[in-house]
2 protein chains.
Amino acid sequence: MSDHSRILCPVLQQRIMSAEQAAELIPAGANVGMSGFTGAGYPKAVPGALAQRIRQLNSQPNAKPFRINVWTGASTAPELDGVLAEVDGIEMRLPFQSDPICRNRINDGTMDYVDYHLSEVSQYAWSGFLGKMDIALIEVAGIREDGSLIPSSSIGNNKTWIEQADKIILEVNSRQNAKLEGMHDVYYGTALPPNRKPIMLTDPADRIGEQYLACPPEKVIAVVETAAPDRNSPFKPSDEVSKKIAGHILEFFNKEIELGRLPKELLPIQSGVGNIPNAVLEGLDAGPYKNLTAFTEVIQDGMLKMLKSGTLKVASATAFSLSPDGIQEFDDNIDFYRDKIILRQQDISNHPELARRLGVIAMNGLIECDLYGNVNSTHIMGTRMMNGIGGSGDFARNGYLSIFVSPSTAKDGAISAIVPMVSHVDHTEHDVKIIVTEQGLADLRGLSPRQRAHEIINNCAHPDFRPALIDYYERALHSGRGMHTPHLLEEALSWHQRYEQSGQM
Amino acid sequence: MSDHSRILCPVLQQRIMSAEQAAELIPAGANVGMSGFTGAGYPKAVPGALAQRIRQLNSQPNAKPFRINVWTGASTAPELDGVLAEVDGIEMRLPFQSDPICRNRINDGTMDYVDYHLSEVSQYAWSGFLGKMDIALIEVAGIREDGSLIPSSSIGNNKTWIEQADKIILEVNSRQNAKLEGMHDVYYGTALPPNRKPIMLTDPADRIGEQYLACPPEKVIAVVETAAPDRNSPFKPSDEVSKKIAGHILEFFNKEIELGRLPKELLPIQSGVGNIPNAVLEGLDAGPYKNLTAFTEVIQDGMLKMLKSGTLKVASATAFSLSPDGIQEFDDNIDFYRDKIILRQQDISNHPELARRLGVIAMNGLIECDLYGNVNSTHIMGTRMMNGIGGSGDFARNGYLSIFVSPSTAKDGAISAIVPMVSHVDHTEHDVKIIVTEQGLADLRGLSPRQRAHEIINNCAHPDFRPALIDYYERALHSGRGMHTPHLLEEALSWHQRYEQSGQM
């Protein structure tokens with residue numbers, strides 16, 4: 001038995017119970033707000049116990065299906081989305097996921113999924129149209145004597161869930177580094193309009209809030225002790241393609257600095273999660289940059305390295321997403337990192353007001369991009385959800401520069417990332433400024449649609465697909481239809497159809 | 001000859017000349033920043049003189065085409081866009097237009113058009129990628145003794161154009177009401193990142209700037225006197241369709257107030273321009289509302305009436321767009337309106353920070369909407385530009401509620417405004433919350449794509465098209481493709497193709 005050393009509040013010590021007991025407290029049909037952002041800080045025990053319970057209940061003859069609605073910060077892990085999706089225990093999921101089992105449910109039509117801009121979720125919950133939140137299930141790193149909470153490796157929507165829920169279940173995870181304490185900045189100045197005030201943050205390093213989450217002990221119905229690590233996937237070493245993409249971006253940054261259009265410390269960087277963004281960070285770290293800042297969602301391995309080397313002086317985010325090596329590095333050197341990393345709730349880390357004011361450089365991946373710069377970040381072949389838009393819209397729309405990156409082909413060359421018309425739009429032509437593939441970089445700023453098509457085909461498309469793209473564009477241009485955004489409607493989505501029929505675009 | 005009573009600055013009195021003389025000062029290839037927003041406050045004489053000059057120059061044998069790039073606030077009028085487009089004098093146009101001749105040039109491929117969010121244009125000009133602005137051509141209501149300018153019936157991007165241009169041509173329009181003086185609020189706290197500060201505006205009534213535009217007299221190369229009215233189109237009286245749309249919106253507002261999800265003074269209203277938005281304003285005026293506010297781009301007739309009746313207590317915008325009757329009413333009662341209307345530059349009237357903070361209720365038109373809530377506001381049949389996205393994206397993305405309105409059919413029933421897949425996306429599924437046609441209102445908040453399809457088909461589609469939409473949706477659902485966003489790629493755009501071939505969707 002644990003010594004409860006992370007649960008200092010006497011009242012809450014009384015509520016310690018097993019994950020199975022806590023799972024019993026979650027009723028069918030409940031709206032449950034769970035912690036978790038990019039595989040960090042999600043509850044690790046109760047969802048599994050709940051899945052067990054659901055499996056058992058649903059196996060009874062004539063059982064009415066037991067399902068809940070799951071709202072999180074962003075993606076979680078097999079221990080949450082995976083186990084609950086496997087037992088078909090999720091009726092509706094929002095606002096982001098990346099779990100393979102969950103994804104299958106969404107795409108076979110057995111789970112409703114609402115894909116929202118991550119900055120907006122807490123406002124939606126407050127505004128009331130999502131319905132009442134019944135239970136918040138939140139992982140924390142510790143409970144202080146006064147009942148306030150030491151947040152875990154992500155904050156996400158936890159502040160809002162704790163405030164909105166009728167009842168709260170806490171998981172106290174002793175595996176989270178105790179020295180996380182003090183790294184968080186929870187802003188309590190939020191409100192619904194007409195009562196909103198300016199958010200007085202002008203630098204990614206600014207602290208505007210509290211180190212702890214306030215939590216009324218009387219709402220806490222269970223405290224569960226855990227000692228399990230966050231999901232942490234190893235990063236692949238940068239491949240040739242990623243390195244080339246990073247190279248094009250660095251060349252672009254250097255040119256902009258030379259032209260006086262970016263300061264030599266750049267502007268606060270936002271970087272999506274994955275191997276390519278990590279390669280870009282590595283590239284930045286190898287370059288001449290010093291004293292950069294990050295205002296982003298997620299701290300990846302690459303940012304730790306940049307902090308270590310002095311390339312980066314501060315990183316603001318809402319979560320970690322580290323590899324096993326990254327976690328080791330962070331745990332071993334937490335005293336170094338403590339004052340250089342600030343974790344905020346996601347309605348602040350991704351806030352449009354702040355992304356615009358700070359002038360964030362937004363770098364995110366894409367699934368496909370079309371001739372005119374419309375970007376699809378979410379849907380495979382227009383119908384199947386991959387993960388979700390996440391924070392990419394928050395940063396791309398309101399940031400200073402929006403950069404979207406992708407290899408020029410996928411599936412061993414069967415799919416072109418540059419298509420005549422995207423099969424779904426997440427970022428419109430108005431919001432997409434720079435496209436980068438290993439082939440090169442298309443700077444779409446100040447260009448009309450026809451001019452953009454030339455840039456994208458010539459600079460970004462894979463040579464194997466370039467002739468077909470030129471052919472489509474030329475025929476569209478001379479089709480007698482509008483020449484502002486030339487298209488052949490009867491062929492616009494034919495590349496996707498061809499892929500579905502033949503496995504090759 | 002005029003008594004120059006509106007030009008009090010002695011130095012600038014020396015620069016008074018004819019429109020023809022001023023037009024001679026604009027060189028071929030120049031980037032010219034002109035005033036003008038929704039047919040208000042645009043220069044009325046120099047563009048016409050320039051068009052004359054271009055026509056004459058281009059008629060000479062072997063003439064190298066004389067063209068300029070025209071940047072404005074938003075739409076202007078025949079005297080600007082019309083005359084310059086007619087002589088093929090515009091190489092590139094940004095960020096918005098609504099002129100028929102200009103539109104034809106854009107769609108026949110003889111004019112490049114860059115369609116931008118109106119809040120972002122001034123930032124783009126400052127950032128440098130649009131190139132150097134050579135000349136600013138700005139209508140004002142007067143020049144003060146110290147050389148500062150009394151803005152006209154719109155501000156738009158004038159502050160930025162004056163700051164950015166090497167040389168400035170002023171048109172002083174004595175037809176503009178002299179009592180406009182004092183109604184403007186020009187904010188000089190803007191900056192490029194990393195030097196941006198919070199914008200301390202928390203109420204549409206707040207004044208945060210200056211009443212006048214600063215203008216270095218040494219940059220002014222010409223002053224031209226005019227006395228011509230703004231473009232002003234009569235409003236049609238509300239028809240049945242508009243009244244029904246307004247009715248659905250009012251019913252929705254009332255329900256939201258009842259549920260405690262909107263205050264009884266609503267939240268600041270943004271309303272697009274046109275007959276339907278005007279009908280909604282009329283509906284609000286006839287309802288029980290008092291002390292509403294508007295934080296919008298444009299003051300239409302409907303807002304004057306609401307100010308008069310006390311339904312509206314204050315309106316913040318960047319321009320007027322009044323009918324002849326509206327102008328008469330405004331001129332006759334300007335002392336009443338003076339302290340209830342504030343005109344700001346468009347980077348403030350449409351600022352994401354402010355739209356989010358104030359929690360704007362954004363109401364804008366649409367060309368078409370698809371089953372899943374993606375909205376096309378700009379492109380006819382996917383290829384032909386209508387006007388542009390304007391400020392709709394600024395408000396819909398960052399506001400509190402985004403409402404898109406349209407009759408359910410167009411062209412006497414040949415076109416359905418609800419289609420399987422839109423042929424262009426300006427507002428993605430993530431940003432579209434409410435769709436309204438005369439048939440009814442679809443509340444898409446908190447719904448998955450499949451749930452949205454039911455709402456939109458059942459509540460918004462015209463009964464003539466409903467069966468075909470249901471048929472498409474059902475077949476897409478059972479096509480074996482992804483069921484998150486069901487589509488039949490081979491048919492998704494077939495409604496548009498059918499219309500192009502047969503004149504009927």
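**A guided look at a two-chain model**

Visitor: The side chain of Asn177(B) reaches a backbone nitrogen; which residue does that nitrogen belong to?
Guide: Welcome! Keep in mind that this is a predicted model. A polar contact here asks for N or O atoms within 3.5 Å. The side chain of Asn177(B) meets that limit at 2.9 Å, and the backbone nitrogen belongs to Lys179(B).

Visitor: Where along chain B does Asn177(B) sit, and is it buried or exposed?
Guide: Asn177(B) has its place in the loop between strand 7 (167-173) and strand 8 (184-185) of chain B. The cut-off for buried is under 20% relative accessible area. Asn177(B) has 17% relative accessibility, so this loop residue counts as buried.

Visitor: Which residues is Asn177(B) in contact with, leaving aside its neighbours within four places in sequence?
Guide: Contact means heavy atoms within 4.5 Å. With the neighbours within four places set aside, the contacts of Asn177(B) are Arg6(B), Asp331(B) and Ile334(B).

Visitor: How far apart in space are Asn177(B) and Arg356(B)?
Guide: Along the sequence, 179 residues separate Asn177(B) from Arg356(B). In space, going from C-alpha to C-alpha, their separation is 33 Å.

Visitor: Which three residues supply 12% of the area that chain B buries against chain A?
Guide: Let's begin with the whole interface: 84 residues of chain B are in contact with 84 residues of chain A. Between them, the two chains bury about 7200 Å², with 54% of it on carbon and sulfur atoms. The three residues of chain B that supply 12%, more than any other three, are Arg356(B), Arg397(B) and His430(B).

Visitor: What kind of axis relates the two copies?
Guide: Chain B is superposed on chain A by a rotation of 180° with 0.0 Å of shift along the axis, and the RMSD is 0.0 Å. The two copies are thus related as by a two-fold rotation axis.

Visitor: Which residue of chain B has the C-alpha nearest that axis?
Guide: That C-alpha lies 2.2 Å from the axis. The residue of chain B it belongs to is Glu353(B).

Visitor: What percentage of the contact residues of chain B recur in chain A?
Guide: Here we compare the surfaces that the copies use. The same surface serves both copies, and the share of chain B contact residues that recur in chain A is 100%.

Visitor: Strand 16 of chain B has 5 residues; how many are buried?
Guide: Strand 16 covers residues 361-365 of chain B. This strand is mostly covered, and the number of its residues that are buried is 4.

Visitor: Which residues stand opposite Ile361(B) of strand 16?
Guide: Strand 10 (residues 269-271) of chain B pairs with strand 16 in the parallel sense over 3 bridges. Strand 21 (residues 401-405) of chain B is also joined to strand 16, by 5 bridges, and these two run parallel. In strand 10, the residue opposite Ile361(B) is Ile269(B), and in strand 21 it is Leu401(B).

Visitor: Which strands are at the edges of the open sheet of 3 strands in chain B?
Guide: The order in this sheet is 18-17-24, with mixed pairing. Strand 17 (residues 368-370) runs antiparallel to strand 18, joined by 2 bridges, and Cys369(B) has Val375(B) as its bridge partner. An edge strand pairs on one side only, and the two that do so are strand 18 (375-376) and strand 24 (418-419).

Visitor: Which prolines of chain A follow a cis peptide bond?
Guide: Most peptide bonds are trans. One cis bond, with omega about -5°, starts at Leu94(A) and leads into the loop between strand 3 (90-94) and helix 5 (100-107). Another, with omega near 10°, starts at Pro193(A) and leads into the loop between strand 8 (184-185) and strand 9 (220-226). The prolines that follow these bonds are Pro95(A) and Pro194(A).

Visitor: Is Lys411(A), with its positive phi, buried or exposed?
Guide: Most residues other than glycine have a negative phi. Phi of Lys411(A) is near 50°, and the residue lies in the loop between strand 22 (409-410) and strand 23 (415-416) of chain A. Exposed means over 50% relative accessible area. Lys411(A) has 59%, so this residue is exposed.

How values were computed:
Residues numbered from 1 in each chain as written. Chains lettered and ligands numbered in written order. Predicted model: local features only at pLDDT ≥ 70, side-chain atom pairs only at ≥ 80, totals over all residues. Heavy atoms only, no water. Least-squares fit on C-alpha atoms with pLDDT ≥ 70 in both. Pairing = 2+ DSSP bridges. Buried < 20%, exposed > 50% of the residue type's maximum accessible area, 1.4 Å probe, protein only. Polar contact = N/O pair within 3.5 Å; in protein donor to acceptor, adjacent residues only side chain to side chain. Buried area = accessible area lost by both parts, 1.4 Å probe.
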